[in-house]
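Q: Please take me through a close look at a single part of this structure, slowly enough for a first-year student to follow. Once that part is clear, please go on to its surroundings.

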Amino acid sequence: MRKFLNGPWVLLMPTLIILTCVVLLPLLLSLWTSFTPFKLTKPDTLYRFVGFRNYERLIGDLDFWIAFGRTVLFLAIALNLELVFGLGIALLINKITYGQRTLRTLMMFPMMFSPILVGFQWKYIFNDNIGLMNNFLREFGVIQPIPWLVDGILANVSIMAAEIWSSTSVFAILLLAGLLGIPKDPIEAAKVDGCNSWQVFKNITLPFLMPFVFIAMTIRSLDVARAYDIVQMMTGGGPAKRTELLWTLISRTGYVDAKMGMANAMSYISIFLSIAFTFFFFYKLIEARQRLSYE
Amino acid sequence: MMLRLFLSLVLAVSFFGSFSAKAETELWGDFSGVTLRVKLIGGGQYEGLYNEVIPWWEENTGGKIEIVTQKNHFELDKEIKKDIASGNLDFCVASNHTSFASQYGNIYTDLNNIMPASVLADYTPLILEHSTVDGRLVQMPRHSDVSNLYYQKSLYEDADNKANFKAKYGYDLTPPETWDQVKDQAIFFSNPPDFYGTQYVGKEEAIAGRFYELVIANGGALFDEDYRPIFNSPAGVEALQWFIDLYNAKAVPDGVLNYLWDDTGLGFASGTIAMNLDWAGWAGFFNDPENSKVAGDIGLVRAPMGSGGLRTGWSGSHSFSMTESCPDKEAAASFLWALTSNKAQMIEARGGLSPTRPAIWDAIIAEKKAEGDEFMLMVFETFKMSLAEDAFTPPLIPEWIEFTNALYPELQAAILGDKSPEDALATASKKATEIMEDAGYF
C-alpha cells in the first residue's frame, strides 16, 4: 500500500479521476442506454435492459444504413476536396513574399463563423426563390430556378460546398505550417539537378508534407461532425431523407423523438466509422514519417 | 402554510382603452421574496407579452421572475426533455402547447387542484378540455391557433382572370370553398418562377399536420380507436395527391419542401403568392405596408372543405404549465393567471392572435368595430367562427411528434416522385404501427 502511495500512480490519480468522470463514465452510461429502450421523457426506462434489441433493429433498418453510407461518402468527398483546395491555397500563399501574414489572417475568416451561421448564409445563397445563386444564374439567362436544396444530388453538393467553404482553411493553415518547415536545400539541389516544378513538388515537397496531410485529415475527420449544424440549418436531412446524414438522424431520434437508447445504439455503430477513419489516417501518418526518415 | 393567495372575488373589471371585457376573477397575492424561474417560448410574436405582463405581475405581487430560457418551441421542447431525463426540473413555469403536452408525463401539476373554478370559468371550455392530459389540466391556454385562407383580392376582381378562369374550369372565379378549387385556382394563377398560386409548409410536424387535417376534411382519419394507423386509405391518398399535384404543376415554389411557417408567411407578404393558408398571427404583418407588398389587398375566407364536406381545422393552443416540483405553487398559479389574463390576452389579440377567453373575443371585435378597422374585424370574425366550428386537435398522445417524424419524409418522397402515394403511405403506416406497438397501444 505504502509502495502504491509513493509510486507514480498517486501522481496519475488526478488525471485518471478526471478522465474517468469526464470520458469513461459518460461513455459507459451511453453504452448502457444503448441496451435499453431509454426515452428522455420516461427516465424509468433507463433501467429496463433489452439486450441487443436496438442493434438488431438497426441492422435491419435500411434508412439507417443509407444515412451511414451517405455519411461515409460525404466524409470521403468533403475531406479530400478540402485537402486539395487547402493544399492549393497553402502552396499559393507560400509563394507570396509580400502580404503573406494578411492573407493568412484573411484565410482564417471562414473558421470564425459558427457552423449555424454558415448554415444560415448558405441556405440563403442556395434558396430557390430569393437565393443569390439563382439570381446570379438568372443574369446569365437561366430563368427557371434551380431547386438547389431539393434535388438529391444538388442538395448534397450544396451542403458540401458550405462545409468545404467553412473548413478548407483548416487544411490550408496546417499545410502552410508544413510548407514553412520544409528545408530549402533539397529543393534547391533538385532544381540545380534540372528537376521541373512538378518533379520538385512530387518528389520533395509532397513527401515532406505527407505527415501534415495525415495530421490534418485525422483532426478534420474527428471534428467534421461539427457540420451537423450546417446540414440541420440547410435541409435538416431532407427533403425525403435525401441529405440525411448520421448526425441529423441521431439528433432527431435522440432529442426530438426522445429515443435516446436507440440514438446511442446508432452512435456506437457510427463510432466504428470514426475509429476506422482515425486508424487509417494514423497508420498512413506513421508510414509517411517512416518513409521520410528512410529518405 | 397560510394561504397567501388572495383571490379577488371582487370580479374586477379590466379596462382596455375605451372598451371593457367581461369581469374576470383575478389571482393576485403577496409574493415578496419569491423568485419564479421560468422557461419561455421566444421569438418576435411571443415576447411582447412578457415585456408587459412580467413587470405588471412583479409590481402587483412583489415577486420576481427569472427567465432561465427563452428559445423557439422546438428547442425548448428538446431542453425540457433533457431536463426530464436528468431530473433537473428546477423551474416553476414553462411554455407548453397542446400538441406537445402529453409527451411530458407527469412533470406538470394538475391545475384543476390549484386554479379556482371561478378562474377556469373565464376560459373557453373546449380549449381547457384540449389542455387536459389523462384527466389532468396541465396547461393554461395562452392563445389558439387555427389556419384560414388569405388571398390577394385584386386577382379575384380582375375581369380577365374571371373570364379566363371560367373558360378553363367552367365555374366562376371566387375565393375557394373546397381544396379542389384551391388546386384549380393555384394552377391558374401560377406563373413560375415569378408568381405561384399557393404554397405549403413542407417538412416536419408542419406538413404532417397539414396532411392530417386534409385527411380529416376528406372524411378519413389517422388512427382507429386503438390507435392503429388507418391513413393509408382513399382519403389519405387523395390528401397526399393534392400536395403532389400542386408540386408537379409548379403551382408552389420548388423549394417548398424546406419551408416552415416563417417561409410561407414571408412568401405571401412578398406578393408572389396568390393564396396562403396561415394563422391569425400574421394578419397584422400582412396588412402592414412597411412589411408587406399585399397590404390593403388581402381577403380572408374560412379554410376550405375537403371531399368529405368538412373544413380543415388543425388546431392547438400555446399555453403555460407549472411544474410539479415548483416550491411556490401559489405564486406560480398567480403568474400563470397573469400570463393568460384578460389584460395579457388583449395585448396578444391586438397583434392578431386568437384569444382563449370568450370575453376577449367580444372585446377585441368591439374595439376593431369602433376603430373602423375592417380588415382586422374580418380577421377576428373569421377566426372566431373557424375556432368555434372547424377546429380539431391532433391526437393528444405522447407519440404525436415521433409519429410526425416518421410520416413527413414519406410525404416528401411521394411529393418528389420518389414513391407513389400508396407506397409512401404504406411505409409510413408500417412505421406508425411500430411506434404505437412500442408505446403499448396494442
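A: Let us begin with a sheet in chain B, an open sheet of six strands with mixed pairing, whose order is β6-β5-β7-β14-β10-β15. Please keep in mind throughout that what you are looking at is a predicted model. At the edges of this sheet stand β6 (64-71) and β15 (354-355) of chain B, and each of these two strands pairs on one side only. Moving inward along the order, you will find β7 and β14 written next to each other. Strand β7 covers residues 93-97 of chain B and strand β14 covers residues 316-322 of chain B, and the two pair in the antiparallel sense over five bridges. If you would like one pair of residues to find by eye, take B:Val93, whose bridge partner in β14(B) is B:Met322. When you follow a strand such as this from residue to residue, a general rule is helpful: in a regular strand the side chains alternate between the two faces of the sheet.

Another group of strands in chain B can be read in the same careful way, with strand β11 (residues 147-152) as the starting point. This strand is mostly covered, since six of its six residues are buried. With strand β12 (residues 275-279) of chain B, β11(B) pairs in the antiparallel sense over five bridges, and within that pairing B:Tyr150 has B:Asn276 of β12(B) as its bridge partner. With strand β13 (residues 298-301) of chain B, β11(B) also pairs in the antiparallel sense, here over four bridges, and B:Leu149 stands opposite B:Val301 in β13(B).

From the strands we can turn to two helices of chain B. Helix α1 (residues 44-61) and helix α13 (residues 342-350) of chain B pack at an angle of about 145 degrees, and their axes are 10 Å apart. The crossing in which α1(B) passes α13(B) is right-handed. On the side of α1(B) the contact is made by B:Gly48, B:Leu49, B:Glu52 and B:Val53, while α13(B) brings B:Ala344, B:Ile347 and B:Glu348. Sorted by class, this contact has four nonpolar residues, one polar residue and two charged residues.

Some places in the backbone of chain B also deserve a patient look. The peptide bond that runs from B:Pro192 to B:Pro193 is cis, with omega near 5 degrees, and B:Pro193 lies in the loop between α7 (179-189) and α8 (204-217) of chain B. In helix α8 itself you will find B:Glu204, where phi is near 55 degrees, a positive value in a residue other than glycine. Is B:Glu204 buried or exposed? B:Glu204 counts as buried because there are 20 C-beta neighbours inside 10 Å, and 20 or more is the number that the word requires.

Chain B does not stand by itself, for 26 of its residues are in contact with 24 residues of chain A. On the side of chain B that touches chain A, the elements that give two or more residues are α2 (73-86) and α16 (400-415) of chain B, and α16(B) gives the most, with six residues. The residues on this side of chain B divide into 11 nonpolar, eight polar and seven charged.

Chain A, the partner, has 14 helices and zero strands. Its C-alpha atoms fill a box of roughly 75 × 75 × 35 Å, taken along the principal axes, and buried residues make up 34% of the 295 residues in the chain. If we consider the contacts in chain A between residues at least 6 apart in sequence, we find that 69% join residues at least 24 apart.

Chain A has backbone details of its own to inspect. A cis peptide bond joins A:Gly238 and A:Pro239, with omega about -10 degrees, and A:Pro239 lies in the loop between α12 (228-234) and α13 (246-256) of chain A. A:Lys241 also has its place in the loop between α12 and α13 of chain A. Although A:Lys241 is not a glycine, its phi is positive, at about 65 degrees. A:Lys241 is buried, because 21 other C-beta atoms lie within 10 Å.

Note on methods. Residues numbered from 1 in each chain as written. Chains lettered and ligands numbered in written order. Predicted model: local features only at pLDDT ≥ 70, side-chain atom pairs only at ≥ 80, totals over all residues. Contact = placed C-beta atoms within 7 Å. Nonpolar A, V, L, I, M, F, W, Y, C, P; charged D, E, K, R; others polar. Pairing = 2+ DSSP bridges. Axes fitted to C-alpha atoms, helices over the stretch in contact; angles between N-to-C directions. Left-handed = near helix turned anticlockwise from the far one by under 90°. Buried ≥ 20, exposed ≤ 12 C-beta atoms within 10 Å, placed from the backbone.
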